[in-house]
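Student: I'd like to take a close look at one part of this model and see how it fits in with everything around it. Could you walk me through it slowly?

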Amino acid sequence: MDVLSKVAHKNKLKVLYHEKPFKGVNGSGKHCNWSMSTDHGENLLDPTVKPETNYRFLLILVATLHAVQQHGALLRTSIASSSNEHRLGACEAPPVILSIFLGEHLTEVLNSIEESRPIKNFSVPEMQTIKLGGTALDVKVASLPAISRDLTDRNRTSPFAFTGNKFEFRAVGSKQSPAFPVTILNAAVASALQD
C-alpha cells in the first residue's frame, strides 16, 4: 500500500483505498490466504486426492470450522470499520455475513462422516495442480480435451471459503492491514484445537 501511494504521488495521482460502496461498482477488500503448516513445511490444509481418509487434514479442517463458528463475532469485529461495513456485496463476499463455503466434495466428505455412510463417488481430477476431486466440464466440442473443474469456491460469494489447500478470509477491508484479523483467526483456531 505504501509503494502504491508513493508511485501514485510521483505520477500526480492518488490511490483510494475506500471500499467503494457505490451503486454499480463492486466494493474492494483484501483476501487473506490462510493455511497452517508443520515445522517441515507440510501444508496441514492439503486435502490430497482422498480427503475422507486424510485424518490430519480433517482435524485441522473441522477445528477451523469450529473456530469460525465459535468466534465469528470476534472475527467480524477484527475486520469492522465504517467503510467495510457498508461495502456492497454485489459480486463479492459481503463482510457482514461470515459464512463458510467448502465446495461440493468437502461438504460431501463431512456429511458422509456425520451420517456414517459411504462417500459419494467423485472423479479424480485430471490436472495435477488440483488435488481435490473435481468433475469434468463438458463443452460439447469433440475436438477439445476434457476440462477439469475445481469444486472449490471461485465465485467469491463467501467471505471465508476453502480454495483447494487453504482458506481465503475475504472480508478484510481494503484500507486495513490483514495482521490483526489473521492474529484473531490464528487464536480462534488454536482455541478450537485445544478444545
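What covers the buried residues of helix α4?

Tutor: Good part to pick! Before we start, keep in mind that this is a predicted model. The cover over the buried residues of α4 includes helix α2 and strand β5. Let's look at the helix, then follow those two neighbours outwards.

Helix α4 takes in residues 104–114. Its buried residues are His105, Leu106, Glu108, Val109, Leu110 and Ser112. Here's a handy general rule: an α-helix has 3.6 residues a turn, so residues three or four places apart point the same way. Try that on the model: find His105, Val109 and Ser112, which are among the buried residues of α4, and look at where their side chains go.

Just past the end of α4 comes Ser116, with a positive phi of about 50°. Most residues other than glycine have a negative phi. Ser116 is not a glycine, yet its phi is positive. You'll find Ser116 in the loop between α4 and β3 (135–137). And is it buried or exposed? Ser116 counts as exposed, at 69% relative accessibility. Another residue with a positive phi that isn't glycine is Thr48, where the value is near 60°. Thr48 sits in the loop between β1 and α2, and it is partly exposed, with a relative accessible area of 31%.

That loop leads us to the first of the covering pieces, helix α2, which runs over residues 55–79. It has 25 residues, but its end C-alpha atoms are only 31 Å apart, whereas a straight helix would reach 36 Å. Where should you look for a bend? Go to His71, where α2 bends by about 80°. Farther along α2 is Thr77, an exposed residue with a relative accessible area of 53%. Thr77 and Pro181 are 104 residues apart in sequence, but their C-alpha atoms are 8.6 Å apart in space.

A quick side trip to helix α3, residues 82–85, takes us to Glu85. Leaving out residues up to four places away in sequence, Glu85 touches Arg76, Ala80 and Val96. With Val96, the C-alpha separation is 6.4 Å, and the two residues are 11 apart along the chain. Glu85 is partly exposed, its relative accessible area being 27%.

Now for the other covering piece, strand β5 (residues 160–162). It belongs to an open sheet of four strands, in the order β1-β6-β5-β2, with mixed pairing. β1 (29–34) and β2 (100–101) are at the edges with a single partner strand each, so one side of each has no neighbour in the sheet. As general background, strands of a sheet pair through backbone hydrogen bonds, either parallel or antiparallel.

Let's go through the pairs. β2 and β5 run parallel and are joined by two bridges; look for Ile100 standing opposite Phe160 in β5. β5 and β6 run antiparallel, with three bridges between them, and there Phe160 has Phe169 of β6 as its bridge partner. These two strands make a hairpin with four residues between them, and Gly164 in the turn has a positive phi of about 100°. Then five bridges link β1 to β6, again in an antiparallel arrangement, with Gly29 paired to Gly173 in β6.

Why is β6 largely enclosed by the rest of the structure? Seven of its seven residues are buried, so little of β6 is left open. Look too for helix α5 (residues 179–194), which lies across β1, β5 and β6 and runs at about 35° to β1.

Finally, zoom out to the whole chain. It has five helices and six strands, following the pattern α-β-α-α-β-α-β-β-β-β-α along the sequence. Of its 195 residues, 37% are buried. Of the contacts between residues at least 6 apart in sequence, 61% join residues at least 24 apart. The chain exposes about 11500 Å², with carbon and sulfur atoms supplying 58% of that.

Notes
Residues are numbered from 1 along each chain as its sequence is written. This is a predicted model: local features need pLDDT of at least 70, side-chain atom pairs count only at pLDDT 80 or more; totals for chains, interfaces and linings use all residues. Side-chain values use heavy atoms; hydrogens and water are left out. Two strands pair if DSSP finds at least two bridges between them. Contact means heavy atoms within 4.5 Å. Axes are lines fitted to C-alpha atoms, for helices over the stretch in contact, and angles run from 0 to 180 degrees between N-to-C directions. Buried means under 20% relative accessible area, exposed over 50%, partly exposed in between (1.4 Å probe, protein chains only). Accessible areas come from the Shrake-Rupley method with a 1.4 Å probe; for residues, only the protein chains shown count as cover. The expected span of a helix is 1.5 Å times one less than its number of residues. The bend at a residue is the angle between axes fitted to the seven residues ending there and the seven starting there.
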